Amino acid sequence: MTASPEQITALAAELTALLGERGVTTELRGREKASLDGAKMSPILAEQLPLGLADIVAFPTNAEQIAQTVAAAVRHGVSVTPRGKGTGNYGQAIPLEGGLVLDMSKARAVVEVGEGYLVAEAGASMVAIEQAARETGQQILMYPSTAQSSIGGFLSGGSGGTGSIKHGSNMSGRYVLALDVVHASPTAELTHVEGEAAQPYVHTYGTAGIIARATIALEPVQEWVGFYASFPSFDEATSVIRQIGWLDPTPRLVSADLPRISDALPDDPAIPKGRASLRAILDPSTVVAATALVESAGGRVEDVREGPQATVKISMLSYNHPIEWLQKSTPETYFHVEVSGAALVERLDEVHEVYPGAMLHIEAQRDHPIGMLAAPYVSADEVYAGYDRLTAIGVHFHSPHQWFVDHEVERTKALAASTDPDGLLNPGKIPFGETVPTGVKWA
């Protein structure tokens, strides 16, 4: 439902009175900037850009203003698309039907840190949250590979990251303790939900309620080191990645790449050219064991680095990031598919045969490895055709080439029916029947 110019003008006047002149923009440049995220990483989505353009952008500075802004939009019948730092890769933050983009990056206060928990507003960066936790002798359970992203964006659109080897996804129920959310109501209210009642708002893109403030779990702080190793071949690196991931205390991260992808990463003497790279964030007490595993597989340890900056740097070279560096390193267009399962190690050659020229970036996880399978892009149909081939060799996959909610879809629909009866919250993101593109599958 597209808002009329009269609706946008009336909403702009109300929001300017609420947030001030600098808290609202209807200028084209600002609207364009707020209408993009990392979707261009997918060549399938990039072919469809621009997917939508905001009519107005608002910048509330705290949770209460977030609620008041949503309430104003609802009163004027204007749709609301929530936005954190815009680092998501699947178009979740693109306003498909225009309307208001609710940019929460200025609502960034860490409100409270207590024993075992931290309360932060939606725009607080994961780096700031981790630092606040460490000042009290604690740490967050996990954070996304894009460490500067916001807690609201991570909970609304992310799924895991650095620390997930031990703690699983942010949908597991261990990470989120409580949320203050905003429903599509004409009254300015924050709704507090705890425990199981908070989970339906996680990884559902704000379609059933927008996260304005979050309470997440903490654990006692650990010291971490950045561990770099290299191998003559990727087979040797993958032969030990699971064992390193199973070390006790559990590593925060273990990643590995083929030489072609490693060579595309930022220059670093610990990532030598022409060799497969393995990078890990380890408890210092496990470095000796990790070194033994590396050397037993024919590899060598390149460096061990101390300090938070060293470990954040490794985080920024994990998950989607190596594929982004690969894309930047060549004029050829690459796509990727998110993959998981023991077959990534046990049937690696077959995995690489699914797409011509395919290359796997792999991550250790507690139950089974996960990764990003990248290959030169030919067409959307060719990408989709590979999904059945992945399934046939025992590889689970998730398509990063769609913007629809794909977690607990029926639960999300049922909740949104009561919390967003007019369909104003991030419209177009809940799949209904034929709106799901052919070939897009979930596993």
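1. Strand 13 of this predicted model is covered on both of its faces, with A276, L278, A280 and L282 buried on one side and S277, R279 and I281 buried on the other. The strand runs over residues 276-282, and seven of its seven residues are buried. A charged residue, R279, is therefore among those counted as buried here, where the cut-off is under 20% relative accessible area.

2. The neighbours of strand 13 can be followed on either hand. Strand 11, at residues 225-231, pairs with strand 13 in the antiparallel sense over seven bridges, and within that pairing V225 stands opposite L282. Strand 12 is also antiparallel to strand 13, with five bridges between the two, and in this case L253 is the residue that faces I281.

3. Strand 12, which covers residues 253-257, carries the description on to strand 16, since these two strands pair in the antiparallel sense over three bridges. A256 stands opposite I362 of strand 16 in that arrangement. Strand 12 thus appears in pairings with strand 13 and with strand 16.

4. Strand 16, at residues 359-363, has five of its five residues buried, and its two faces are both covered, M359, H361 and E363 lying on one side and L360 and I362 on the other. Five bridges join strand 16 to strand 17, residues 370-376, and the two run antiparallel. They form a hairpin with six residues between them, and E363 of strand 16 stands opposite I370 of strand 17.

5. Turning to an earlier part of the chain, the UniProt record, in an unreviewed entry, places the feature "domain: FAD-binding PCMH-type" at residues 49-221. In the model, the end C-alpha atoms of residues 49-221 are 43 Å apart, and the span is 19% helix and 27% strand. The annotation may be inferred rather than shown by experiment, a point to keep in mind when reading the feature name.

6. Strand 8, at residues 176-182, is mostly covered, six of its seven residues being buried. It pairs in the antiparallel sense with strand 10, residues 210-220, over six bridges, and the bridge partner of V182 in strand 10 is I210. Strand 8 also pairs with strand 9, residues 191-194, again in the antiparallel sense and over four bridges, with L179 standing opposite V193.

7. Which residue of strand 10 is linked by a salt bridge to K166? The side chain of K166 meets that of E219 at 3.6 Å, N to O, and the pair links distant parts of the chain, K166 lying in helix 7 (residues 164-167) and E219 in strand 10, 53 residues apart. The two partners differ in their surroundings, because K166 is partly exposed at a relative accessible area of 40%, whereas E219, at 12% relative accessibility, counts as buried.

8. The search of the whole structure finds 16 salt bridges, and a network of them links E64, E121, D180 and R213. Another salt bridge joins the side chains of R305 and D303 at 2.8 Å, N to O, and D303 is partly exposed, with a relative accessible area of 28%.

9. Within helix 16, which spans residues 409-419, K413 and E410 lie three residues apart, about one turn of the helix. Their side chains form a salt bridge in which the closest N and O atoms are 3.5 Å apart. K413 is partly exposed, with a relative accessible area of 22%, while E410 counts as exposed at 57% relative accessibility.

10. The second largest pocket holds about 360 Å³ of space. Its lining is made up of 18 residues, of which E130, R134, P308, T311 and V312 lie nearest the centre of the pocket. The elements that give two or more residues to this lining are helix 5 (126-134) and helix 11 (308-315), and helix 5 gives the most, with five residues. By residue type, the lining divides into eight nonpolar, five polar and five charged residues.

Terms used. Residues numbered from 1 in each chain as written. Predicted model: local features only at pLDDT ≥ 70, side-chain atom pairs only at ≥ 80, totals over all residues. Heavy atoms only, no water. 1 Å grid on protein atoms, 1.4 Å probe; cavity = no way out; pocket = protein on both sides within 12 Å on 5 of 7 lines; lining within 4 Å. Points joined across faces, edges and corners; volume = space filled by probe spheres on them. Nonpolar A, V, L, I, M, F, W, Y, C, P; charged D, E, K, R; others polar. Buried < 20%, exposed > 50% of the residue type's maximum accessible area, 1.4 Å probe, protein only. Pairing = 2+ DSSP bridges. Salt bridge = Lys/Arg side-chain N within 4 Å of Asp/Glu carboxyl O.
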